[in-house]
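Open your viewer and have the selection tool ready. We will walk through this structure one stop at a time.

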Amino acid sequence: MNVRLPVKLKKRSSIETMKQRLPFTLAFVAFALYLLLGPLRPYLVETAALTPFYADEFTLGKLFGTHCGLLFQVAAAFQSCFARPWLGGCLFVAVLVAIAYVQRWAFRVSDSWFGICWLSSFALLLNFTQLGYLIYTLKHPAVAFAPALGFLAAFALIGLWFRLKVWWWKLAFLLLTPIIGFWLLGFFGALVAPFAGFCEIGIARFKQFDEPSSVGKRSLRRPFLGKETPRMLWGLALFFLGLLLPSLLQLALHRHLDWQAGHIPFDSLPREMRLPWILAVCVPLFYAVFRLDGKRRWMTAVSAIVFIVAGAASYHYSFLDNNFLCTLRMKHAAEDSKWEQILQMAKDGQQEPTRAQVCLTRLALFKTGRMGDELFVYPEGAAEYNAPQQNQWLRLMIGPLLYYHYGKTGFAYRWAMEDLVEYGERPAYLRYLHSVARLNGEEALAQRYERTLARTLFYKPTASLWGPGYCTHEAAEAEAIRPLLNYTDQLDGDNGLVEFYLLHSFALSEGGSREMVELSLMDGLITKDLTGFWPRFLALLPTWQGHIPTHYQEAALMVAQLQGGAPVSDLPIDPAISQHFQRLVEASSRMGDNAANATILRPEFGNTYWYYYFFVEGLKTK
Amino acid sequence: MKSCTDILSLLALSLAFALTGCTPSVPTTFEEATTPPPVTPNNFDATLPPNIAPLNFRILQGDASEAVTRLHSKQGGEIIVAGWDVCFDEDEWHHLLDQTRGDSLYCDIYLKAYGTWEHLPPQRFYVAEDEIDPYITYRLIRPSYVTYEELTINERCLENFDERVVYENMRFADSQQGQCINCHMPRAWNSDAQSQFHVRQNLGGTVLINGNSATKVNLKTDSTLSAGVYPAWHPTLPLIAYSVNETGQVFHTLDPQKIEVIDYASDLILYDVQTNTVQSIDRTASDFESFPAWSPDGGTLYYIAAHYTPRADNLDADLDANYDQLRYNIYARDFDLTTRRFGARRLVFDAESLGKSASVPRVSPDGQYLLFTLADYGQFHIWHKSADLQILSLNPTPSPVGEKSNPSTDSPTPSKETSAGSQSPLPHVTRTGSEALNSTSSESYHAWSSTGRWILFSSRRDDGNYTRLYISYFDRDGRAHHPFRLPQRTADADDLMLRSYNAAEFLVQPVQATPHTLSRAIKADARPASYAGSALLHPEADTTRARQLTPPAERRSASVGY
């Protein structure tokens, strides 16, 4: 029995090992893939467009020629795979899974405690998923993959250290990793050597407790510390120090930029950090105590609880803001010219939209020619962006897109370039630099950007994320914009207020193509500036061929009532709309203050221009 | 022993085989083609300095499957390179150029398409006798507007591809405190290791480099518009003339020129490096003076100025609306080296009468020529597609261009003189001398080499947006030759880099100050310069009236490079 027992145990152990590891692995993979490919799918796509990776000799030179180049470039290459969410998502999850396994290997964590190895993976997942709007302003080249790959390499090196048996190999390790590791992996590589050294010292000291003369000390040690405990502690310390430093850095950055506490979920960052720290203290203690007891079931239970709590925290603190994700979906639909999808998303919205969503909805209505009939039917709103510094997000997310589609090519190019200077050579900016150059007829410049985009993994202009027929798509897009270029150039400035500038530049413009006059008419209505209404209305009248769009009929009736200026009776106004307007006039005369009227009249008149004109206020469009 | 010999023999054979196998050869049978070789960058026909780095290029593949390039001279030297990326061995290149001084260098390209070799029409370079200054300095900047990150002042050796960063702006920049760096200007081509550059915003000031030491000064005084902007070192005295500008940037809504950089006010000052004092030269409310440049003897200061009569109370709005009406002429003032006083202003080139606007005047080292940029309006010509380089003969006798130029048909009308002007014969533009320099896009900032035989200039001819450096030979007859683009290690280096070269200058030796020295100087407090009155000989007799300084807060301002 005594001879056969180890063999039997070994075989059983192998099967049990699989049984214990697999549930954690499968649970993590399922959770992470759900989060990344489910609600955060548009976030992944956007992250890829904001990741500057180019497969060229400059990048090759940076691999080993610049500090942390290897880590950043490989991480950027991986992160740009988010352009294909399945590919990028699976890669990211694979790296996170590898971290858990390498950690287990490096610190010789028993299978019963395998659950705690996933803490790092959850934290690194959260490190990426919590960013939200911040993804636009972080200048980090690969915010998802760089820390993940950095930790993976650091853990692997620590594991290697533990397995080095010859002292001079260890010495070489200690000497070389701070230099080579720091150069290739940044501080992830630099920290390996000191931690390995500390581990060695720690283990040596703990070994002293096993001396027969130290019975008292040994008895002190045994209840709390197992054989691998020092390594475990150092490993966790490495991880949490690693996690803490960049997180604190981010926090400092937020604070520095006047991020307001109590305003955004980012301020939960300190709270997030509390949980790992508590776990960092508790888990090794549990580990030591339960390991000595040998109650594997309990250990696994605790391990599982830690795993579940970490998973729940990751989900809870991930940035799943509906408006943010909806804006991203709308933006991607606009880049694919899928205007109907945008309108459907606007209709399906369950909460007050942000101005970015309203702007994209208006653009979709303009592109589909339904602006005059439906603009005031869609939800209006000015919900705050779930982030501080409200004024910048619309410009950062969709500024160049809006300017480009409305024919303000100078500003589309300007902001794409300004952001490229500020945040790096991201494909998201190059796309508009390229499109504007082509629209401007700057063929050589367009070709330069095209060649740059061709060096990306997924944004090649001919077979791109924006569809296999990109060139055709781009040409069609440009043709739709060309009528809006019929205006005289002038020197101007927008102060970064994209919507304000667009509305007022069209509302104050005169003449131009039919599309421009219609935008002038509509933007005059939106800004409630009715001075140029009749000239524009009458100029467009023949083009409507008998059917005046509903909102223009509504506006004509209202302007005639308020200002006169045109014989409304001569216009082909729908009698139903006239009657509707009469009911509004009568209802208004019967009622009291404006606020009460707004509530009472909304069910019947909420979709009309009249309601917008009289009751919708505070949208900062004026 | 025998086996050892066998192994060595085998190794020698293998090496010989490898060497012979790798050496490309020119095809013996081929057909003559008529289409010019599709290469980028195309520097053929350029005149090269004998000490320039290899002019590598790429052959655009098209339908061809193989390519062989043969570079050779009449003296018998040759380099043969196989493949699309034609990168010459540096030693072989220099040897060949040295052999070919004063003669032509021929380039034959053979392409193999559908099994047949074709010999494209032979191309050539001309190799001058005159060497070029071995270094240049420039700033690398994205062609952006308001934001600036990762600006670097670089130094490049022209004899090879070595490039180093003299100073980069991210050293002290953070998300709140940006740092702009610009105008690295050497004194006398850095022959005495002196130069200067500006730091704006965070830790701002003007950094004066002397050997391996550096100091930072603050040139803004209560009596001057701003700190120094566009510098001009005096060739012999420890003086620097600067323009002081209140510059703003406004954006085109549609025009592909994209941006207009406007001076809302500008004057000239003279800074004494030794006494740390500033004197005003020209400070008039009605004239905008800028871009000073000394003559080689230091006896004349050239600069540009535009007369501005406000049409409205809001000066900024008025200039924004009428930016294309602001035209700059080139003026000069004599400078007495003993008294350090300037004489009266005189008109040197009346661009306005041509409906044009001149900028960045630079005098050749022999004092014979004035090289400047001429465009339709304004002074920040890098953003003006109409900007071309022009050469003005400062020689009172007709230009020595003689037979090779045709000033009568192409030159502008003679310049008029101001009331305070000199009685010297009228200069005229020798346009034929500069025509090889220009393209349909903007040519802008330019510099003479220390010998005056080479001109380094900025051009956006490649794509209209990203500025690249070109070098042209300027012969003894006053004629600029077909230029070549700054050589790069790989043919697509310029294509990969989404940055512009900016404000390039020749250097005869490298900058000695290390980035660490410069950082220390920048971190230290700037020594404030004091105002020492007017530098004019007769300030009271000056026809211009003193400017009423506007509080800076009331103006838009921006730090820009040129």
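**Where the two chains meet**

Start by selecting A:Leu491 and B:His252: these two residues stand opposite each other, with B:His252 belonging to β19 of chain B. Keep in mind as you look around that this is a predicted model.

Now widen the selection to the strands around that pair. Strand β1 of chain A, residues 491-492, pairs with β19(B) in the antiparallel sense, over 2 bridges.

Next, show the whole contact between the chains. How many residues does each chain bring to the contact? Chain A gives 32 residues and chain B gives 28 residues. On the side of chain B that touches chain A, both β19 and α6 (493-496) of chain B supply at least two residues each. The largest share there comes from β19(B), with 3 residues. Try colouring that side of chain B by residue type: you will find 10 nonpolar, 9 polar and 9 charged residues.

**Along chain B**

Stay with β19 of chain B and move to the loop that links β19 (239-252) to β20 (259-272), where you can select B:Lys258. Its phi is near 70 degrees, a positive value in a residue other than glycine. Most residues other than glycine have a negative phi. Is B:Lys258 buried or exposed? B:Lys258 counts as buried because 21 other C-beta atoms lie within 10 Å, and the cut-off for buried is 20 or more.

For the next stop, select B:Thr40 and B:Pro41. A cis peptide bond joins them, with omega about -10 degrees. Most peptide bonds are trans. B:Pro41 sits in the loop between β2 (39-40) and β3 (47-48) of chain B.

**Over to chain A**

Switch to a cartoon view of chain A, which has 29 helices and 1 strand. Of its 622 residues, 45% are buried. Among the contacts in chain A with a separation of 6 or more, 70% are between residues 24 or more positions apart.

For the last stop, select A:Lys528, in the loop between α24 (514-526) and α25 (533-540) of chain A. What is unusual for a residue that is not a glycine? A:Lys528 has a positive phi, about 60 degrees. A:Lys528 counts as partly exposed because it has 16 C-beta neighbours inside 10 Å. Show B:Lys258 again alongside it: that lysine is buried, whereas A:Lys528 is partly exposed.

Conventions
Residues are numbered from 1 along each chain as its sequence is written. Chains are lettered from A and ligands numbered from 1 in the order in which they are written. This is a predicted model: local features need pLDDT of at least 70, side-chain atom pairs count only at pLDDT 80 or more; totals for chains, interfaces and linings use all residues. Helices (H or I, at least four residues) and strands (E, at least two) are DSSP runs, numbered from the N terminus. A residue is buried if 20 or more other C-beta atoms lie within 10 Å of its own, exposed if 12 or fewer, and partly exposed in between; C-beta atoms are placed from the backbone. Two residues are in contact if their C-beta atoms, placed from the backbone, lie within 7 Å. Ala, Val, Leu, Ile, Met, Phe, Trp, Tyr, Cys and Pro count as nonpolar, Asp, Glu, Lys and Arg as charged, and the others, Gly among them, as polar. Two strands pair if DSSP finds at least two bridges between them.
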